[in-house]
Amino acid sequence: MDFGLDDQQVMVRDMVRSFGDERIKPGAAERDRTAEFPHDIFSEMGELGLLGMLVPEELGGAGMDTFTYLLAVEELARADASVAVGMSVTNSVCCWPILHFGSEEQKRRYLTPLASGKAIGGFMLTEPGAGSDAGALATRYRDGGDDWVLEGSKAWITNAGVGRYFVCFATKAPGLGTRGISAFILDAEQEGVMVAPPEEKMGLRSSKTAMVTLEGARVPKDAMLGEEGQGFKIALATLDHSRLGIAAQSVGIAQAAFEESLRYARDRQQFGKPILEHQGIGFRLAEMDTELAAARALLRQAVWESTQPGRHSRQSARAKLYASEMCNRVVAWAVQVHGGYGYSREYTVERLYRDARVTTIYEGTSEVQKMVIARALREAAKSL
Ligand SMILES: Cc1cc2nc3c(=O)[nH]c(=O)nc-3n(C[C@H](O)[C@H](O)[C@H](O)COP(=O)(O)OP(=O)(O)OC[C@H]3O[C@@H](n4cnc5c(N)ncnc54)[C@H](O)[C@@H]3O)c2cc1C
């Protein structure tokens with residue numbers, strides 16, 4: 001395993017870091033206050049190739065590998081996690097399944113506008129009654145002649161209201177279990193797709209998340225993704241990939257919290273010297289540094305293993321579990337290092353603390369990651 005970055009990866013990381021520092025970070029606190037979606041930043045990300053990073057160049061994408069894509073997610077999250085989540089949802093849970101399970105015609109039709117930023121993407125799996133137990137989803141589809149017709153409600157949909165194409169999951173009949181679930185590429189700009197007002201969230205305030213109701217929403221017959229009945233398999237494979245993105249987002253948020261803390265501890269004086277020189281604070285920063293390095297290494301190992309044959313649910317669940325829990329520990333310590341100022345909206349760590357909270361919840365809670373890992377361990381135990 002070689003975790004060294006090649007020249008292109010260094011170039012992309014540095015480019016996204018500069019873009020984050022110059023274009024994203026300066027407005028992050030204001031967007032957190034107004035909860036306004038940054039359309040201009042998404043247009044620029046489209047122009048920079050950040051919205052179709054894994055899409056081949058002949059389809060208008062950047063044709064990068066997963067490792068490079070995750071470096072970009074980390075850098076964007078370091079600048080503003082709200083921007084990073086919208087970007088990673090478009091790349092990971094919309095472009096990725098279309099790239100891996102779509103027909104050549106679907107790839108041409110959907111990936112080109114997604115990669116250029118002309119259309120933002122999303123993923124509709126969760127429902128009011130089906131979160132961790134996504135296989136219990138109740139949104140129905142039926143044959144409507146030239147189209148499939150979808151009826152149901154999807155909850156917590158990132159990019160709802162700003163996105164156009166969504167990979168959406170529905171069942172032929174709930175009694176069929178997960179084998180009844182199929183995946184569709186839904187164009188949200190049509191009658192029958194109703195987006196509720198955005199959720200009032202604790203963090204990720206400028207990322208749009210909303211309930212979507214489907215009432216007779218039509219999907220052309222040729223926009224079913226993969227085979228009929230293959231939907232749940234597509235959802236799980238997509239999550240195996242996209243959880244790496246949440247791990248990278250967690251590392252990016254924690255990196256920002258660490259940098260803010262190091263700077264603050266250097267400048268803040270108490271008892272006649274910088275607080276960084278008090279052992280308690282120095283040790284705290286040492287732990288933050290070590291935890292960050294451990295999460296980054298685990299993530300890179302998971303990415304490397306994802307290039308090997310077979311499924312990698314255990315590796316991506318491990319990376320997501322550790323990185324998101326680490327992120328929440330690090331942001332909490334960052335607030336502590338800032339003392340009372342860490343509790344003020346004037347300081348970045350207050351936003352990072354709120355933004356971090358969701359990383360142990362979405363794309364599978366920490367408990368769900370442990371279920372995935374434990375299932376793999378049960379399999380492994382059979383051959384001991
Ligand atoms: C900001 C945000 C953005 C999101 N974006 C999207 C999106 O774009 N698309 C999408 O489809 N979904 C999205 N989600 C939904 C997200 O994936 C779900 O919230 C998540 O999977 C958890 O489901 P739930 O909220 O229904 O919690 P529940 O499943 O109801 O879980 C509640 C609690 O019970 C625990 N629990 C449940 N079952 C078990 C068990 N068997 N053993 C132990 N503990 C258990 C959970 O870990 C959790 O702590 C988003 C959520 C948020 C908050």
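Reader: Where does the ligand sit, and what makes you say so?

Author: In this predicted model, the ligand sits in the largest pocket. To say that a molecule sits in a pocket, more than half of its atoms must lie within 2 Å of the pocket's grid points, and the ligand is placed there on that basis.

Reader: Which elements give two or more residues to the shell around the ligand?

Author: Those are β3 (147-158) and α10 (366-382). The largest share, 3 residues, comes from β3.

Reader: How many residues surround the ligand, and what makes a residue count?

Author: A heavy atom within 4 Å is what it takes, and 17 residues surround the ligand. The closest are Thr126, Ser132, Trp156, Thr365 and Glu367. By class, you get 8 nonpolar, 6 polar and 3 charged residues.

Reader: Why do you say the ligand lies between domain 2 and domain 3?

Author: Domain 2 (122-229) and domain 3 (232-382) both give residues to the shell, so the ligand lies between them.

Reader: What makes the pair with the backbone of Trp156 a polar contact?

Author: The cut-off for N or O pairs is 3.5 Å. A ligand nitrogen is 2.8 Å from a polar backbone atom of Trp156, so that pair counts. Another ligand nitrogen contact, to a polar backbone atom of Phe123, is at 2.9 Å. As for how covered the ligand is, it exposes 980 Å² taken alone, and the protein buries 64% of that.

Definitions and conventions. Residues are numbered from 1 along each chain as its sequence is written. This is a predicted model: local features need pLDDT of at least 70, side-chain atom pairs count only at pLDDT 80 or more; totals for chains, interfaces and linings use all residues. Side-chain values use heavy atoms; hydrogens and water are left out. A polar contact is a pair of N or O atoms within 3.5 Å; within protein, one must be able to donate a hydrogen and the other to accept it, and residues adjacent in sequence count only if both atoms are side-chain atoms. Accessible areas come from the Shrake-Rupley method with a 1.4 Å probe; for residues, only the protein chains shown count as cover. On a 1 Å grid over the protein atoms alone, a cavity is a set of points where a 1.4 Å probe fits but cannot get out, and a pocket is an open set with protein on both sides within 12 Å along at least five of seven lines; lining residues have an atom within 4 Å of a point. Helices (H or I, at least four residues) and strands (E, at least two) are DSSP runs, numbered from the N terminus. Ala, Val, Leu, Ile, Met, Phe, Trp, Tyr, Cys and Pro count as nonpolar, Asp, Glu, Lys and Arg as charged, and the others, Gly among them, as polar. Domain bounds come from an automatic or database domain assignment.
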